Each structure stands twice: as structure tokens, then as C-alpha cells.
Amino acid sequence: FEGYWDQMFASIKNQEKLLSDARNFGRYLAQLTPEAVEFMQGIAKGAAPELAKSTYAKIGNDYDKILIINHYFACRRTTYTQYKWPGTVAAMPVDMALVEESELPACSGVVVIGKLDGPTKDRTTIHGGTRDQVFFPQLYEVTYTTSPSDPNANRIWTIASAGEIGGQMVGNDKGVIVTGYAGGNAKSIFAFGIEWNIGCWYGASFADTAQEAADILTKGRPGFIEKTGNKMVQPAWGINWLISDLTDAKVVETVPGRYAVRSIGDFGEENFLVCTNHCTATWSYDDNHVRSTIPMVDYGPETGSYSGLSVSGTRYWTQFWNVKYNYGKIDVNMVIDWYRGHYYISKDGVRVDNIWDNTYGWVPANLKSASVCRHQSGVPDTMKGTTTDAKVGVAQNLAFYFTKGRGHDWEGPWDLLSLKNIP
């Protein structure tokens with residue numbers, strides 16, 4: 001908890017605001033998905049002996065601390081323009097210090113669909129994603145599976161920073177996998193809504209198909225969304241979710257008050273989808289689910305300095321062309337190798353291995369933070385980030401391959417867990 005609190009307080013510099021904002025996020029969750037609140041309360045209860053040893057044990061209660069960990073990025077964005085609807089509360093104003101680029105999220109995802117004459121040689125559906133953040137405290141991770149008492153509930157797997165209910169990838173026993181990404185934040189809008197990692201958990205916990213997960217993450221579940229006072233599931237800030245099942249994939253691009261759902265083929269994909277940290281949809285829906293010509297691209301283009309995500313486009317096109325150039329030959333080992341890559345592929349399909357640095361000359365692309373295996377920009381390697389874990393899920397096998405830390409640094413085979421093999 002100390003690592004999260006120190007970084008957040010360095011930005012917000014107001015204990016009362018951090019606690020108040022975390023509790024407001026918790027109130028929204030209690031309306032939208034009370035199961036998430038119950039899970040967090042259980043974590044708080046189990047972690048109580050260790051939290052009591054914390055330097056900051058007297059800050060809030062144990063549940064407050066778990067709320068803060070689960071809303072680490074959201075709580076740092078409550079100085080932006082707030083999107084409100086009837087019944088929501090206003091955020092406390094505060095002057096925020098600038099956040100270092102290395103502390104901002106930037107993740108890369110790809111899905112290839114298994115089918116006859118499809119992109120994978122063994123007809124499996126493969127979903128890859130990275131969590132690109134700082135090594136401390138996010139590298140203190142756990143992986144877990146659930147055993148719900150309800151026989152109709154989904155069993156899930158994830159790797160997450162300790163205290164989080166969901167990580168960057170959450171998969172279930174129906175073959176649905178959800179990965180989360182920083183999204184359209186060019187306009188710097190926030191709301192007391194759902195955080196990205198909780199959204200991964202939410203979609204995988206309650207959906208049996210990719211389309212159902214996309215609906216849950218935008219329209220909510222009947223009987224719960226009504227309690228929020230708004231027809232749309234409000235994100236805490238600009239967030240993207242990449243979702244897949246055995247035969248289909250979707251991307252949800254959402255900002256407070258607006259969203260779009262991308263499908264395979266919308267932008268030249270053939271049996272695959274790619275998602276990084278910008279928006280590509282040229283349309284959107286408002287919070288009454290009315291379609292408009294307002295493009296999601298306006299909220300987060302692929303180039304620009306917003307949120308420090310200036311290389312989102314290079315990672316997007318790298319995975320796009322990785323699929324195109326290897327169509328029909330892809331397997332899980334190849335996708336794992338993509339997440340070890342220290343190159344990028346430009347929008348026009350040209351591979352780039354080195355980038356010019358005015359001090360050091362030509363340096364590997366990863367040292368400029370441009371590759372899918374993302375490093376904090378710096379020469380020599382700073383070893384401070386940013387890929388804290390890489391994951392590749394295979395839907396048909398309910399199998400999840402994963403690392404702790406950057407894919408290129410991992411020695412030997414990636415760790416593997418299959419929900420088919422868990423009693």
C-alpha cells in the first residue's frame with residue numbers, strides 16, 4: 001500500500017481528497033456491481049493483519065486501502081474535467097503535480113480468431129496483452145482463480161497487483177477474455193465510474209460471449225445499471241477494453257458519457273483485432289445509447305502527447321502488421337515472441353529496429369519506449385518499467401501463459417495455468 005499511496009499523494013497532495021474520491025468510486029461500484037465491493041471487502045478482511053503493519057495504517061480503514069489500490073489511476077485523474085449526471089457528487093478541487101511519463105499506463109493487445117483458413121495454424125483463438133506500468137509497486141503481483149459457490153457463475157483467472165480484484169487480463173471458463181487499456185484521454189475527462197482493471201473483472205465474471213461482455217461494459221446488467229442513475233456504464237476515465245471469445249472479438253472504446261464498440265473488419269482486420277491506447281472508431285454512442293457522428297477519435301487520436309501515450313500508434317500498427325505478415329502461420333509461441341519484440345512496425349508496414357538519439361546515435365527501439373515489449377524511455381535501460389507482465393490466452397484450451405516483468409527479460413518458458421486443469 002505504501003508504494004501506491006506515496007505516488008498518489010505526490011500527485012494529489014491531499015489525504016482527504018484521496019479518501020473521499022476512493023469512497024465515491026466505491027459507491028458507484030456498489031450500485032453497478034456489488035459483487036466487486038464484496039470481493040474487495042473480503043480482500044481487506046484477509047489482508048488486515050498485514051495492513052495493520054503499514055506505515056500508513058491510520059489512513060482510512062482497510063477497505064479504503066483496497067479501494068485506493070483498485071482505483072490507483074482513477075484517483076489520480078479526479079483533477080480533470082468531471083462528467084456528472086443526476087445523483088453524482090462533485091470532486092474536491094486540488095492542484096495536481098505533473099505525473100512522470102513512466103508512471104502512466106500504456107498497454108498493447110491483439111486477438112487472432114481460430115477458424116478454417118484463419119490467422120492461426122491450429123485454429124485456436126489467441127488473445128495477448130501487456131500491462132505497461134511502473135515496476136514499483138505494480139510488480140508485487142498475484143495470480144488467482146476463483147471457485148464460485150454459484151454453479152452458474154463463471155470461473156475466472158487473472159494476474160494482478162496484490163490487492164486488485166482484476167489485472168490487465170481476466171479470462172473465464174467460457175473462453176471469454178477481457179484485457180484493459182488506457183484509452184481516449186485527449187480531453188482529460190473523468191467520472192466517478194468503473195476503473196479499467198475492475199472492468200476486466202466485471203466483463204469476464206458475468207459474460208459468456210464477447211458480445212455479452214461488450215454489452216455489460218457499456219449498458220450494464222439489468223437490475224443494476226438503473227441504480228447508477230445513468231443508462232450507460234460510466235468509465236472512470238478514457239478506457240479501452242479488448243474482448244474475445246472462441247469465435248469473435250470486440251473493442252470497447254469509452255470515455256465518460258460516450259462510447260463505441262469496434263468489431264472485426266471495421267478497419268481492415270480479417271479475423272483479428274488490435275487495441276492499444278488510442279481510439280479508432282469514427283462514430284460513437286451517447287449515454288442514452290443514441291448513435292452519433294461524433295468520432296471517438298476526437299477523444300484520443302493515435303498520435304499526440306496526451307497521457308504520455310505518444311507511441312500508442314506504433315504499438316497498434318506493430319501488432320496489426322505482425323498478424324498480416326504471419327497470417328495462417330500464427331501460434332501461441334509466435335504471439336509470445338511478439339511480446340518479446342524490441343522493434344516496431346510503422347503504419348505503412350516497415351519494420352524499425354533502431355531509432356536515432358541525439359546523444360547516443362542509433363539505439364534499439366525499445367529504449368525509446370516504442371516497442372510492444374515496452375521499456376521506459378532512456379539510454380541505457382533504466383530498468384524502472386514499463387511492462388510489469390505479459391499474457392497470452394488460448395480460448396479453446398482455457399490456457400493462460402504469463403510472465404512477471406517484461407517478456408524479453410523472462411528466461412525459459414512462460415508460466416502456464418489452464419482453467420481446464422484446476423479442480
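In this predicted model, nine strands form an open sheet in the order β4-β5-β6-β7-β9-β10-β11-β13-β14, with antiparallel pairing. The sheet is bounded by the edge strands β4 (141–145) and β14 (291–292), each of which pairs on one side only. Inside the sheet, β7 and β9 run antiparallel to each other and are joined over six bridges. A handy landmark for this pair is Y181, which stands opposite N240 in β9. As general background, the strands of a sheet pair through backbone hydrogen bonds, in either a parallel or an antiparallel sense.

The same two strands lead on to the nonpolar interior. Both β7 (177–182) and β9 (239–244) are among the elements that give two or more residues to the largest nonpolar core, a set of 60 residues in which M40, V178, I194, W237, W241 and I243 touch the most other members. Helices contribute as well: α1 (2–12), α2 (15–32), α3 (34–51), α4 (62–70), α6 (196–206) and α7 (210–219) each supply two or more residues. The largest share, seven residues, comes from α2. A second core, separate from this one, has 25 residues, including W317, W321, V335 and Y343. Such groupings fit a general tendency, since nonpolar side chains in soluble globular proteins tend to be buried together.

Helix α4 gives a good view of how a contributor to the largest core is surrounded. Because eight of its nine residues are buried, α4 is largely enclosed by the rest of the structure. The buried positions are Y63, D64, K65, I66, L67, I68, I69 and N70, so polar and charged names such as D64 and K65 appear in the list beside I66 and L67. Packing against these buried residues are α1, α2, α3 and α6. At the N-terminal end of α4, N61 acts as a cap, with a side-chain oxygen 3.1 Å from the backbone nitrogen of Y63. Helix α8 is covered in a similar way, with eleven of its 14 residues buried. These are S312, G313, R315, Y316, W317, T318, Q319, F320, W321, N322 and V323. Two of them, W317 and W321, also belong to the second core. The buried residues of α8 pack against a mixed set of elements, namely the strands β2 (109–112), β11 (258–263), β12 (272–275) and β15 (344–345) and the helix α9 (332–338). The length of α8 can be checked as well: at 1.5 Å a residue, the 14 residues from 312 to 325 should span 20 Å, and the end C-alpha atoms are 20 Å apart, which agrees.

Within helix α8, R315 deserves a separate look. Its relative accessibility is 0%, so R315 counts as buried. Leaving out residues up to four places away in sequence, R315 touches A106, C107, S108, T276, N277, A370, S371, V372 and R374. With S108 there is a polar contact of 3.0 Å between the side chains. A370 is 55 residues away from R315 along the chain, yet their C-alpha atoms are separated by 6.8 Å.

C107, one of the residues touched by R315, also appears in the survey of cysteines. The sulfur of C107 is the closest cysteine sulfur to that of C200, but at 9.1 Å it is too far for a bond. Likewise, the sulfur of C275 lies 8.7 Å from its closest cysteine sulfur, in C279, which is again too far for a bond. C200 counts as buried at 0% relative accessibility, and C275 counts as buried at 0% too. The count of disulfides comes to zero.

Two further strands complete the picture. In strand β20 (residues 399–402), both faces are covered, with A399 and Y401 buried on one side and F400 and F402 buried on the other. β20 pairs with strand β21 (residues 415–418) in the antiparallel sense over four bridges, and F402 stands opposite D415 in β21. Strand β19 (residues 385–394) holds T388, which is buried with a relative accessible area of 0%. Beyond its neighbours within four places in sequence, T388 is in contact with R131, Q133, V134, F135, Q138, L139, E141, T403, K404 and G405.

Conventions
Residues numbered from 1 in each chain as written. Predicted model: local features only at pLDDT ≥ 70, side-chain atom pairs only at ≥ 80, totals over all residues. Heavy atoms only, no water. Expected span 1.5 Å × (residues − 1). Buried < 20%, exposed > 50% of the residue type's maximum accessible area, 1.4 Å probe, protein only. Contact = heavy atoms within 4.5 Å. Core = buried A, V, L, I, M, F, W, Y, C linked by side-chain atoms within 4.5 Å. Polar contact = N/O pair within 3.5 Å; in protein donor to acceptor, adjacent residues only side chain to side chain. Pairing = 2+ DSSP bridges. Disulfide = S-S within 2.5 Å.
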